[in-house]
Amino acid sequence: MNQSRIVKWGIVSTGAIADKFCTDMPHVKNAKVTAVAARKREDAVAFAQKHNIEKAYQGYQTLFDDPSVDVIYVATPHNFHFQHVYAALMANKHVLCEKPITISSDEFTTLAALAKQKSLFLMEAMWTYFLPAVSQAKQWIEQGRIGSIKHIKADFGYSVPYEPNGRMYNPNLAGGCLFDMGIYPLAIAQYFNPGELKDVLIKTHFAPHNVEDDLVILATCNDITLSLATSFQCRLQNAALIIGDKGYIKIPNFWRAKSCALYQLDEKIEAFNDNSIGWGLHHEAQQVSAAIIDNQKEHTIMPHSVSLLLQQQIETIKSLF
């Protein structure tokens, strides 16, 4: 690996998650954001000034065509991911795309095949998988500290006021809590217990325009019981519990985890606190940049097979609506 190489990033969209991503990028040792693109030039210019980015483009294709950019971070709404990732790959750019990377397994299969054909790196931005607290929890499990896993419980929800034309609730913008927030409980269950969902049961509430705004999922995977939930109606506990026959692990705010704790019965026997600065997105950016420098096409922590499985799981759940 060429440790001295700096990976140059281009940012697609100037929304909230892109803002957090760029806020964390100064903490990444092997990368730098050099360009940003938005639909409106004034938005791109303001974002570039805020984050000290050299180039600001109106329109995404101009960014894709910039020969100095190595990798594109796609942070547009879900239903635009496919076309923007496809265009970036066609322009021979590596891609990190926000979750969910697509809104169907067919779309993802197409993108993965294109990335492979062009020998380019492609990854869904499942930043949770790269957080030190989540990695610590997995290490405890691999050490046998909680015994055999029996249950995984995870939920993620916040109250989101109903706006029929807003991204969250508009079916034409892939609205609904499953795509927007439910991807996190599904992903954390997959991280600790990879496999297909079986015996799936759901309880769903729909907002007007037939978009789900509250969802509970009960399923099994590898004989482990999954209890997952997501909601636009209310703030849920937003924690993950990995429960074994010898103990359990609790990860508060698991999607952006800063800590985790190991319990045996009612006693906390060990705790981990991540004292690193920033939102935590820099852990993902650091590893993606390293993978690109190392000429990898997928990341072992978040490979294409996991993204495809998550898409298939979403489709299984939606088929029960």
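Ten residues to find first are L186, A189, Q190, N193, G195, L197, C221, L226, L228 and Q313, which line the largest cavity of this structure. Keep in mind as you explore that the model is predicted. Besides this cavity, we will visit an open sheet of six strands, two helices that lie against the sheet, and an aromatic pair made by Y169 and F232.

**The cavity**

- Rolling a probe the size of a water molecule over the atoms shows where empty space is left.
- How many cavities of 30 Å³ or more are there? The count comes to one.
- The largest cavity holds about 40 Å³ of space.
- Two elements, α7 (177-192) and β10 (224-231), each give two or more residues to its lining.
- Helix α7 provides the largest share of that lining, with three residues.
- Sorted by character, the lining residues are six nonpolar and four polar, with no charged ones.

**The sheet**

- Strands of a sheet pair through backbone hydrogen bonds, either parallel or antiparallel.
- In this open sheet the pairing is parallel, and you can trace the six strands in the order β3-β2-β1-β4-β5-β6.
- Which strands stand at the edges? They are β3 (55-58) and β6 (122-124), and each has a single partner strand, so one side of each is left without a neighbour in the sheet.
- On average, and with direction ignored, neighbouring strands here are turned by 20° against each other.
- For a closer look, try β4 (residues 71-74) and β5 (residues 94-97), which pair in the parallel sense over four bridges.
- Within β5, L96 is the bridge partner of Y73.

**Helices against the sheet**

- Helix α4 (residues 81-90) lies across four strands, β1 (7-12), β4, β5 and β6. Its direction runs at about 160° to β5.
- Helix α8 (residues 281-293) also packs on the sheet, where it touches β1, β2 (31-38), β4, β5 and β6. The direction of α8 makes about 125° with that of β1.

**Aromatic pairs**

- A search of the whole structure turns up 14 aromatic pairs.
- One of them joins Y169 and F232 in an edge-to-face arrangement, with 5.2 Å from centre to centre and 65° between the planes.
- Why does this pair tie together parts that are 63 residues apart in sequence? Y169 lies in the loop between β7 (149-157) and α7, while F232 lies in the loop between β10 and β11 (239-244), so the pair links those two parts.

How values were computed. Residues numbered from 1 in each chain as written. Predicted model: local features only at pLDDT ≥ 70, side-chain atom pairs only at ≥ 80, totals over all residues. Heavy atoms only, no water. 1 Å grid on protein atoms, 1.4 Å probe; cavity = no way out; pocket = protein on both sides within 12 Å on 5 of 7 lines; lining within 4 Å. Points joined across faces, edges and corners; volume = space filled by probe spheres on them. Nonpolar A, V, L, I, M, F, W, Y, C, P; charged D, E, K, R; others polar. Pairing = 2+ DSSP bridges. Axes fitted to C-alpha atoms, helices over the stretch in contact; angles between N-to-C directions. Contact = heavy atoms within 4.5 Å. Phe/Tyr/Trp six-rings, centres within 6.5 Å; stacked < 30°, edge-to-face > 60°.
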